[in-house]
Amino acid sequence: MRKFLLICFLWLFLTLPAQAESAHYQVEVTAPAPLKELLLKHLDMVKWRDNPRMNPAEWQRLFSIAPQNIKNLVATEGYFSTNIISTLEHQQDVYTAKFVIEAGKPTLVSSVELKFTGEISNQPMGAKPSVEKLREAWLLKKDAQFRQDDWAQAKRKLLTNLLVDRYPNASISNSKAEVNPQTQTVALSVEIDSGPAIRFGNTSIEGLKRYRPRVVENLNPIKPGSIYNQSDLLTFQARLQESGYFQSLEVTADTLNTNNSAEPNIAPIKVTVIENRSIKMGVGAGYSTNTGPRLQLSLDDLNLFDLDWRLSSNLKVEQESQILSGEIHLPTTKAGYRDSLNANVAHTSVEGLGLTITQIGVKRAWGARKREQYVNANLLTESATIDGAESASTYAATLGYGIILRHTDNDLNPTRGYLLNMQFTGAPLTSTDNGSFLQSHLKTQAYYPITSSTQLIARGEIGVVNGKNSAPELFLFRAGGDQSVR
């Protein structure tokens with residue numbers, strides 16, 4: 001008897017899995033295109049049909065709860081009076097669940113009630129964000145089709161508009177979406193508590209070891225007592241990142257513990273930095289078709305003479321070109337000016353023309369990254385030697401002005417937008433050079449995404465020199481090469 005029972009158990013063990021493994025489970029949905037796509041992506045029967053543990057009994061259970069699953073899913077798209085016709089078919093080893101969805105008319109928004117409490121209800125006239133502007137910016141308008149994602153996004157956007165400006169502790173205290181199946185409409189109501197208006201406090205700095213606090217303080221656009229604004233924090237952080245002094249950093253405002261401070265509703269700012277190495281060295285090698293093999297050495301000192309000056313120097317030796325250059329950037333001043341000094345010596349010898357250029361200059365830049373302006377002054381000596389002719393020297397004392405407009409979606413890796421650089425350089429003092437001239441130069445570069453993995457980058461450039469017979473070679477334009485003016 002025991003032997004017979006053991007044989008039956010083994011038979012069941014060996015045959016039942018084989019039957020389960022040979023079975024196939026399918027789902028067919030007939031519905032409007034958006035709903036069909038939604039169901040085929042999120043319906044439980046679709047998600048579990050290829051599970052190796054699926055069996056006819058579990059398939060029947062999922063089929064029995066599928067209509068409610070479908071109603072819940074299509075309700076997120078605003079369909080609350082859905083009629084579902086479901087059938088379950090079994091032919092040989094194929095189990096097919098079929099659903100015909102009659103969605104009916106979508107539910108529309110009948111009314112929107114936005115109620116504001118907290119300090120925003122008594123804020124000064126003209127203060128941002130205003131209640132009127134917040135109502136206008138509400139995304140899910142009256143008579144729009146109700147969708148769960150749109151409802152969530154509208155509430156999130158409303159809250160964000162408060163969090164980023166003046167009210168970082170705002171919250172949604174209550175929200176309702178009341179559906180009327182008879183009229184196929186929904187009434188929306190949201191109550192949002194702005195909390196108190198928050199002001200910035202003093203700034204503390206952690207992590208500075210090599211540099212003086214002025215490196216951070218002079219880049220801070222936020223004054224103690226000013227109204228909280230998240231964009232000011234982001235601007236402060238971006239300025240510190242662009243300064244070159246820090247490997248990583250974080251700028252935060254403690255908005256959660258404002259009631260525990262001696263002054264209520266004041267959020268102190270905290271800057272945490274990790275400094276870059278003070279001295280960096282680099283070595284590189286390469287080859288150019290027009291100047292031959294290349295060896296390059298670089299040396300950067302971020303704290304020159306312990307004055308927080310940043311030195312960038314570079315030596316590039318090629319077969320037909322040698323360049324030694326250096327630039328010193330001074331810390332940004334409290335007024336926002338960025339001053340620098342530069343010097344370079346370059347010698348090239350190409351197709352019988354030997355050119356030696358010595359240049360020193362100063363530069364002052366100011367303005368935000370999106371609209372940066374600068375002026376510069378340079379002293380230049382240029383000596384040109386042509387095979388079979390005597391050498392000639394040119395001297396120039398130049399003044400320049402430029403403006404850079406940046407409008408891109410990302411400063412470090414742009415995919416959309418443009419850059420525009422206009423600069424004018426001239427030698428107005430004929431007593432210190434070989435004659436006056438004016439160089440006008442316009443450069444632009446545009447970025448446009450074609451597909452998710454393909455990008456179009458276009459560059460345009462135009463330049464003109466007035467008084468070119470008096471201008472050094474450095475300020476003339478030559479045709480040829482992918483970086484020249486044509």
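Helices in this report are DSSP runs of H or I that span at least four residues, and strands are DSSP runs of E with at least two residues, both numbered from the N terminus. The structure described here is a predicted model.

**The chain as a whole**

Counted in this way, the protein chain holds 8 helices and 20 strands. Of its 486 residues, 33% are buried. Among the contacts in the protein chain with a separation of 6 or more, 53% are made by residues that stand 24 or more positions apart. The protein chain exposes about 29400 Å², and 54% of that area is supplied by carbon and sulfur atoms.

**Salt bridges**

How many salt bridges does the count come to? The count comes to 15 salt bridges, and one of them can be followed within a single helix. K47 and D44 both belong to helix α3, which covers residues 44–48, and they are 3 residues apart, about one turn of the helix. The two residues form a salt bridge in which the closest N and O atoms are 3.8 Å apart. K47 counts as exposed because its relative accessibility is 52%, where the cut-off for an exposed residue is over 50%. D44, by contrast, has a relative accessibility of 26% and therefore counts as partly exposed.

The table places this pair beside two others, with the N to O distance and the relative accessibility of each partner.

| Salt bridge | N to O distance | First partner | Second partner |
|---|---|---|---|
| K47 and D44 | 3.8 Å | K47, 52%, exposed | D44, 26%, partly exposed |
| E89 and K98 | 3.3 Å | E89, 32%, partly exposed | K98, 28%, partly exposed |
| R459 and E461 | 2.8 Å | R459, 39%, partly exposed | E461, 23%, partly exposed |

Salt bridges can also share partners, and in this way E77, R147 and D150 are joined into one network.

**The largest nonpolar core**

The largest nonpolar core has 26 residues, and those with the most contacts inside it are V27, M45, W59, I70, F99 and I101. Two or more residues of this core come from each of the elements β1 (24–30), α2 (33–42), α3, α4 (56–75) and β3 (94–102). Which element gives the largest share of this core? That element is α4, from which 7 residues of the core come.

V27 can serve as an example of how such a residue is surrounded. When its neighbours within four places in sequence are left aside, V27 is in contact with L43, M45, V46, R49, W59, A97 and F99. Among these contact partners of V27 are M45, W59 and F99, which are also named with V27 as residues with the most contacts inside the core.

**A nonpolar patch on the surface**

Nonpolar side chains are found on the surface as well. V283, L295, L297, L315, V317, L324 and V345 form a nonpolar patch there, and together they have about 580 Å² of accessible area. Strands β11 (292–304) and β12 (309–318) each supply at least two residues of the patch. Another member of the patch, V345, has its place in strand β14, which covers residues 338–350. Is V345 buried or partly exposed? V345 is partly exposed, because its relative accessible area is 40%.

**Paired strands β18, β19 and β20**

Strand β18 and strand β19 (residues 438–449) run antiparallel and are joined by 10 bridges. Within this pairing, L420 stands opposite T444 in β19. Strand β19 also pairs with strand β20 (residues 455–466), again in the antiparallel sense, and here the pairing extends over 12 bridges. In this second pairing, P449 stands opposite Q455 in β20. Strands β19 and β20 form a hairpin, with 5 residues between them.

One residue of β18 can be examined in more detail. T425 lies in strand β18, which covers residues 417–426. Why is T425 counted as buried? T425 is buried because its relative accessible area is 10%, while the cut-off for a buried residue is under 20%. Leaving aside its neighbours within four places in sequence, T425 is in contact with T398, L399, G400, F437, L438, Q439 and F475. Of these partners, L438 and Q439 fall within the range of strand β19, residues 438–449.

Notes:
Residues numbered from 1 in each chain as written. Predicted model: local features only at pLDDT ≥ 70, side-chain atom pairs only at ≥ 80, totals over all residues. Heavy atoms only, no water. Buried < 20%, exposed > 50% of the residue type's maximum accessible area, 1.4 Å probe, protein only. Contact = heavy atoms within 4.5 Å. Salt bridge = Lys/Arg side-chain N within 4 Å of Asp/Glu carboxyl O. Core = buried A, V, L, I, M, F, W, Y, C linked by side-chain atoms within 4.5 Å. Patch = residues over 30% accessible without salt bridge, like charges linked within 9 Å, V, L, I, M, F, W, Y side chains within 5 Å. Areas by Shrake-Rupley, 256 points an atom, 1.4 Å probe, with all protein chains shown as cover. Pairing = 2+ DSSP bridges.
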